[in-house]
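Hi everyone, thanks for coming. I'd like to walk you through a few spots in a model I've been looking at, so let me put it up on the screen.

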Amino acid sequence: MITIAIGSAGRFASVRESMVPIDELIDSDISILISLVYDSNSFSRFNNHDSLDSGDSDWLDDTDIERERIREYLYYCCQDLGIKYPEGLFNLRGSIFWPKIQDHLFKSIEEFLVFGTYARRPLLSTARTGNYRFYELLNYSFSDKKSKLEETGRYIHHRYISMIQDFVKRLYSTTKNFKGIKYIELPNKYMGIDSSRKKLDEQDFWEMGYRLIKNPIGYRGSCSSGFLGEDKNFIEASLENILDSEDKGVYSVRSQSPFIGCPYQSVGVSEFVFLADLIGAYILSKIFNNSDIEILEVLKNISLYKSLHYALDVPEYLAKNTSLINWYQGGFEILQTSISEFYNRDYFNCFSSLMGDNRAIYWYQRESFEIWITILTQFFVSHCTPQGLILSLTNTIIKIKEQGFKYQFVDMVDFLDKCIFELMKRDYFLRSHFDIKILNQLLDSIVDFYGHIKDALSEPSGYSNETIYDIVESHFQFFQFIKKNGLCDFNDINRCKDFLLNRDINNLIVLAAECKHSHLKAIKYSKFGNEEDIAKELQGFFSFILTIGKAFEGEKNLNTDFNRLMKTQIPKEEIYFYWLMYCIDQNDHNTFAKYIGIYLGESNKNLLKPYFIFDLIDKINKKKISNRINYKQLLVIVKGVYLLYYEYLTVDNWYVLKTFIKNIPLNADKNNDILRLVYKYMSFIALKFHDKKSVTLYKKLILENERDTIEYKKTKKYSYNCLYQYLQILEAIGKTDNINDLYKRLCKQLLEENKSLIIKRSSKLFLSSIYRYIDN
């Protein structure tokens, strides 16, 4: 369940009393909406993320528990302040005691939201399983007195309605991919009636849709009645118009009572709305005394803002950037349009939107808008796709053919130029086969793009710039050289990856060596640094593949080669995996001990004792190392323990290792091949301590793990990989009856699936050679 509570602060106090009103002496020009989001689906009791979709009751939805936790938090705050809970939170607003109450809430709210504690003490016996984040939407009022006089209650109410409608729309696009039912908790608009309120103001409230109500029992404020306005129906209708068909019924809107402090008003009270108002008041108290150009810097330095603020409209990758403030209207619709075009893979219109007419940007938004443009441009460049870039290069050529090369195309060419070079030098090892395959088509489009720009810059009727021409000419010559000389057939990358997957080591080494040598020509031909970077990255990929091939063959002294690869774009985690597996194969204790800690996220690089790995595992068990472990890291640990540290193993170490395997939360998609290897080596270690129960368990898990795979569900047959691990355990525990016949049957199955393999030795040795690197 996702709870989305909306609160407000600032100028909106004239149309809706906040549950945590700011000091009346603060005359703010800022209008603030805050959305506090509580996600109770963040974690499950069993770390099984598939169970949510299947309606598994084992998922713990703790939203109701969290409401109780909020009440406990407020109760302890009131106790420490010496006021009655909950009446004091409502009845003392506006009194001489309120600033002290408010200050106490401000000082304790971050600890509660982040850790779920108060004064470092847990509030409930049940730990929080969800988490918080908040989004803001800001608007600025002009500072001159005339403008303020024109800002009547009716005008501010109109702005409130418009902003909350826009806010809900943007919250929907931001939260639609969150798992679970979403409840939007709207605050009702309440304004108390006192003797100072003019009849004219009262008439305004009637016309704005408010209704007159008597305050509930327990309220002892200065007003016996007030005006109450509800936005539930309006927001429901607005939301209905924008919901995708699959989200119908997923979002629900609730109205919330404004009387949280009244002892008899328990129905319809939202603790989350109270916290949203509290966050709004806290932020307002920090920024009210600053000019518009200082607001950005002030917000970035607020600890609560840094901890829990997220930006609207952008992916999670960018959302935590505290420089991205969400403003209402102005030119910020441009940003939403640009982001939408980017996800449609239309980078021409995406960037055109950013660089277009920005006269709609208000003066107080200018600095923030420029930061958004800078960050979004960097994001677009780093996340562009081959398909989108092909389309955008083609569109740019069409536009230039229609209009000639005008000055306004300079920024567009520069943007697409950055996209080309960033995309072409990305890591090739983890890219999908499809992405790599389409790079050959992209190379054709790149040559056409630079060729056309070069020709357009030569036209006497068009815009001409000698510096731009030299750069475009150089890039055209570089990519044309690569294409004409066949230096960059991206299918070779996929062939190398297929050879690696199938353990065809001879062909892998031959092809990788040829490709590595050919890219030396491209490096020598490059004129600019970014051209050289592409050639070096391609060479780096083939160097990596060649090094892995040599490691498969058991070649000595490859540590320098692996270390040199750290300068490439290949993920360091992948390099460390193959490097450490090579160290295990070479019985290289020292290098393994030097880098295993870094690989697992341990900051101490001086752990070189041969038995330190058990201390490292114990640290992970006790959560002293925060990094979550993936399947490859798990294999390196278990295989390293078995082959490098077997003689150091004690019963205590074995218990630590078993606990580690049982409880470790794995941070990756399930990898069945690697998990089977982990179970096999755990079985071998268990034999050292005559732990037959564990051996039986791991042997069983190998087959159960296989039955979870898509391949098994289709064929109802165990893969040769699974059966090989299983046979090795049978042999290790002494069940050798007919073992050679079983190996022969397994060989037959393998040869039927891969007809290119030829047996030149016994079945057992042949199978062992297939797994020589990852399965000693």
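So, to kick off: does Asn557 count as buried or exposed? It counts as exposed, because its relative accessibility is 70%, and the cut-off for exposed is over 50%. Keep in mind that this is a predicted model.

Now, where is Asn557? You'll find Asn557 in the loop that runs between helix H22 (529-552) and helix H23 (559-564). The backbone there is worth a look: Asn557 isn't a glycine, yet its phi is positive, at about 55 degrees.

Next, scroll back to Asp313. Asp313 isn't a glycine either, and its phi is positive too, at about 75 degrees. Asp313 also sits in a loop, this one between helix H10 (303-308) and helix H11 (316-319). But Asp313 counts as buried, because its relative accessibility is 16%, and buried means under 20%.

Okay, back to helix H22 for a moment, since Ser543 lies in that helix. Ser543 is buried, with a relative accessible area of 14%. And what is Ser543 in contact with, if we leave aside its neighbours within four places in sequence? The answer is Lys516 and Leu565.

One last stop, and it's a peptide bond. Go to Tyr85 and Pro86: the bond joining them is cis, with omega at about 0 degrees. Pro86 is in the loop between helix H1 (63-81) and helix H2 (88-91).

That's my tour, so over to you for questions.

Key: Residues numbered from 1 in each chain as written. Predicted model: local features only at pLDDT ≥ 70, side-chain atom pairs only at ≥ 80, totals over all residues. Heavy atoms only, no water. Helix = DSSP H or I, 4+ residues; strand = E, 2+ residues; numbered from the N terminus. Buried < 20%, exposed > 50% of the residue type's maximum accessible area, 1.4 Å probe, protein only. Contact = heavy atoms within 4.5 Å.
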